[in-house]
Amino acid sequence: MERRRRRARPERAVAAERGERHRRAPRQPLGVDAAQPRFGWKLASTVDQQRQAAYELSVDGVWNSGRVPSGQQVDVVYTGPALQSMKRYTWKVRVWDTQGRVSAWSPTWSFETGLRAPATEWTGDFIGQATVTADLSGATWIWYPEGDPAAGVPAATRYFRRTFTLASVPATATLVVTGDDTADVWVNGTQVSTSPRVYQSWQQATAIDIRSRLVAGANTIAIASENTTQSPAGMIAKLTGASLVTDTSWKASTTAPAGWNTGGFNDASWPAARAVATYGTGPWGANVSIAKAAPLLRKGFTVSKPVASARLLTTALGLHETRLNGARVGTDVLAPGWTDYNKRVQYKVYDVTGQIRQGANALGAWLGNGWYSGSLGFAGSQKYGTQPWYSAQLVLVYTDGTTSTVRTDNTWKVTSGPIRADDLYHGETYDARLAIANWDDPAFDDSSWAGVALKTGAKPNLVSQVDNGVSVQQQFRPVSVTQPSPGVWIFDMGQNFTGWNRISVTGPVGTTVQIRHAEVLTGGQLYTTNLRAAQATDRFTLAGTGSAETYEPRFTVHGYRYVELTGLPAGFTPTADTVTGRAAWTSGSQLGTLTTSNALVNQLQHNILWGERSNMLSIPTDCPQRDERLGWTGDIAIFAGTSTFNVDVQGFLDKFADDLVDAQRADGAFTDVAPAVCCGAGTAGWGDAGVIVPYTLWQRHGDIRVVDEHFDAMARWVDYLRATSGSDLIRNQPTYGDWLNVNDNTAQDVISTAFFAWSARLVSRMAAATGRTAQAASYGTLADQVGAAFTARFVAADGTVSGNTQTGYVLALAFGLVPSSRNAQLADKLVAKVAATSGHLSVGFLGVENLLPVLANTGHADTAYQILLQPGYPGWGYMNSRGATTIWERWDGIRTDGSFQDAGMNSFNHYGLGSVGDFLYRQVGGLGPASPATRRCSSRRSRAAA
């Protein structure tokens, strides 16, 4: 099936009186690669209650719809002849009102198509830096000969040495080294590297250029490695240019006598190191990423005649920032976003006509690892490739009608830039001493740069970008600056968010400022234990210009409220002007606001909004800060409804619907995360996102095409649920349960069967909406049968749902699993359950979305508001009382005694428990959609929050 790109639809002229930009996409979009683009417009009238009765849509003389009797104003589908690639089309619309009066034609708008056949029309090569041989292949993890280092040994520091002889100093000499948990390195007595002291630092190896430290003759490399806990222990290293790897020829010691790290030390009494595991095996696997400098790419070209238009198409396997004639192209960051690169890679089209010069020009790019060749937290590293690649093509149309294309090919040049290491999770290292002035300017001399490498093999499946891309949306100035200890400065940005910092520092050449991030403090210092293996540390080495030097990362992202600076120059006292927080998320306008007279509810709404913004980073992540940041499907399944009230997420969720289908397994199971880089599949409440996300897009945006195009995938999911259920339609499969409930676990068969019925019900509704009459009936019957089976198995005569949990009642009522005549009976049981917890909730992720709506809809609004307005634990008010500015992962991320919850899973920026936002808009605010695309609204306020 050919993919469609809904984001780039020609939006939105106004029929009759005036034109207005539609909120979801540019007014005159570029890169529309849908075979049948969709149009929308907004009416303007001085008459109340005016409605459209018919429309006529005209596209550039290519197609005219004729008069169509319809009130449809959104997602009107083009049904004319095939559109050409990279062509500008104009369109206009007029409408008739219910009295038969026709409007004037709207203003004329335009759109430009993308590539209709990118497999053949994308001519740019994927280019990068020649393969760097700095790796760990052939090396062995070693340790002191004691116990079983692979299984685990006590915490201790061990010392290793290797003396070797060089006939001459090699042309290149890069030492790649890491240790579980640290590896500090000396070469011929001089320390050249120190490991960061962070959790699981072994996952990020250091690559050190030691050529200047080597001599012809005898050389010694000495490494101290600390195992910080009872756990597997090992150190591994490889020196390129000298055929030296860690193995049993190294010497080991439990002590560090004076001079142990120098060449003249006698290590004859030291035993040989023990070989623990070759690289790629043992407890470490192949999960070590190696920091490498980010390449700069450029190409000079000449324009010798007037240009009518210039369109630049860019993409990367990794991340890019494209430059043209010394200026940035567009405002996107972390482009082109995260997809399963084996299935789909996004490109974007820019209008760069105004940046083209007569004569000399230069096109260039910064290139980073991103999701493609960097870390993916506990999911591993380099899941898609070992280095990033860039591709672009610049299409120039001249005023005389001729065209030319500048594309990425083997004529481009490359060099290593000042970004010495980049990783989304671990941070970015920037050395301003290595900055190359004016490298992206046409006059720059790149004759000393190397030629690029070309990626071999088939090109990826290229598609025009669906969403609006990630960009910096807001800045934060510190609300306070403190110095908890000498040399340590803490900046409170006042808000937990996702992004990075722009810092400005003056100091001597070679000064390295370290920038760390955290969500909360402990004792006035950063609390980073909950980040697990994510180092979340940026490093900025000054060039020593004598004036303020400014640095802002390009290829990393952090989730944080607090910033720590260390290593500042002597005599430099930072102020609030030193650090600027830069918040980034996938671009989407804020659609809804909700303000009440209740401070608790207002703060809750604030926290929900910022939790959403913080986790809208190309995919809906679970959290933005620790070594996870994955597209957990259960989180968005419960939050999709809330998300549509706050921010325009149509393009964002549209893309993620594709991500879900790309990840779907052959047996029909949707995965626990998408893109599918780890974890399982077929899990109730998680895999159902493959149905719930398209359903929500249809209901909230009227997007029936996403339903139509994903219907087969959704039907396969329900068929998978049926195949993994018993003959009695009870599904009893492993689940994550009602994740992070408060001592109120719901059985997996209750959860699995409930979501089986719900997915079948939603697929039945979507089948009916798309004209699939037979499937609507069959899946509707299946939903009825599963509901009956649920009632028979799990609902007692007195209305008790098996397990007597709040979530058990919520699922039964919200999903319509029991006869309506029994709703009051179950609702009373739920109220009693709430009363037993003193008016508090006990639900987790799967129950929180529908808890308050179920109560309000069954006549228990008082209980719903009692829960909503609880100031203590567990509840949203408790998070507020502990200073939350986003929704927490746990109800008690900070316990009532002030201690932190289990650091192994304790995010302070997780939107899942914020799915109550749907209730806030619908029933506290009293306004919600009553039909797809909100063609009809319902006004239903249960009771004002006092």
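This passage walks through the cavities, the cysteines, some notable backbone geometry and one buried glutamine of a predicted model.

Let us begin with the empty spaces inside the protein. The model holds eight cavities of 30 Å³ or more. The largest cavity has a volume of about 240 Å³, and 23 residues form its lining. Nearest to the centre of this largest cavity lie Lys 292, Ala 293, Asn 369, Thr 386 and Pro 388. Three strands, β20 (289-290), β26 (359-368) and β30 (419-423), each supply at least two residues of the lining. The largest share comes from β30, which gives three residues. In chemical character, the lining of the largest cavity divides into 10 nonpolar, 10 polar and three charged residues.

The second largest cavity has a volume of about 110 Å³. Its lining is made of 13 residues, and those closest to its centre are Trp 371, Val 557, Leu 617, Thr 621 and Arg 629. Here the lining residues divide into nine nonpolar, three polar and one charged.

The cysteines come next. The model has one disulfide, and its partners are Cys 678 and Cys 679, with sulfur atoms 2.4 Å apart. The torsion about the S-S bond of this pair is about -60 degrees, so the disulfide is left-handed. How buried or exposed are the two partners, Cys 678 and Cys 679? Cys 678 has a relative accessible area of 17%, so it counts as buried, whereas Cys 679, at 33% relative accessibility, counts as partly exposed. Cys 623, by contrast, is in no disulfide, and the nearest cysteine sulfur, that of Cys 678, is 12 Å away. With a relative accessible area of 0%, Cys 623 is buried.

Cys 679 also leads into the backbone geometry. This residue is found in the loop between α5 (650-663) and α6 (689-701), and its phi is near 70 degrees, a positive value in a residue other than glycine. Ser 243 is not a glycine either, yet has a positive phi of about 55 degrees. Ser 243 sits in the loop between β16 (234-239) and β17 (244-245), and at 76% relative accessibility it counts as exposed.

Two cis peptide bonds can be described as well. One runs from Asp 180 to Asp 181, with omega near 25 degrees; Asp 181 belongs to the loop between β11 (174-180) and β12 (184-187). Another cis peptide bond joins Tyr 873 and Pro 874, where omega is about -10 degrees. Pro 874 lies in the loop between α13 and α14.

The loop between α13 (861-868) and α14 (876-881) is also home to Gln 870. Why is Gln 870 called buried? A residue counts as buried when its relative accessible area is under 20%, and Gln 870 meets this cut-off because its relative accessibility is 12%. The side chain of Gln 870 makes a polar contact of 3.5 Å with the side chain of His 840. Leaving aside neighbours within four places in sequence, Gln 870 is in contact with Leu 600, Ser 838, Gly 839, His 840, Gly 877 and Tyr 878. His 840 therefore appears both as the polar partner of Gln 870 and among its contacts, as the contact cut-off of 4.5 Å allows.

Note on methods
Residues numbered from 1 in each chain as written. Predicted model: local features only at pLDDT ≥ 70, side-chain atom pairs only at ≥ 80, totals over all residues. Heavy atoms only, no water. Helix = DSSP H or I, 4+ residues; strand = E, 2+ residues; numbered from the N terminus. Buried < 20%, exposed > 50% of the residue type's maximum accessible area, 1.4 Å probe, protein only. Polar contact = N/O pair within 3.5 Å; in protein donor to acceptor, adjacent residues only side chain to side chain. 1 Å grid on protein atoms, 1.4 Å probe; cavity = no way out; pocket = protein on both sides within 12 Å on 5 of 7 lines; lining within 4 Å. Points joined across faces, edges and corners; volume = space filled by probe spheres on them. Nonpolar A, V, L, I, M, F, W, Y, C, P; charged D, E, K, R; others polar. Disulfide = S-S within 2.5 Å.
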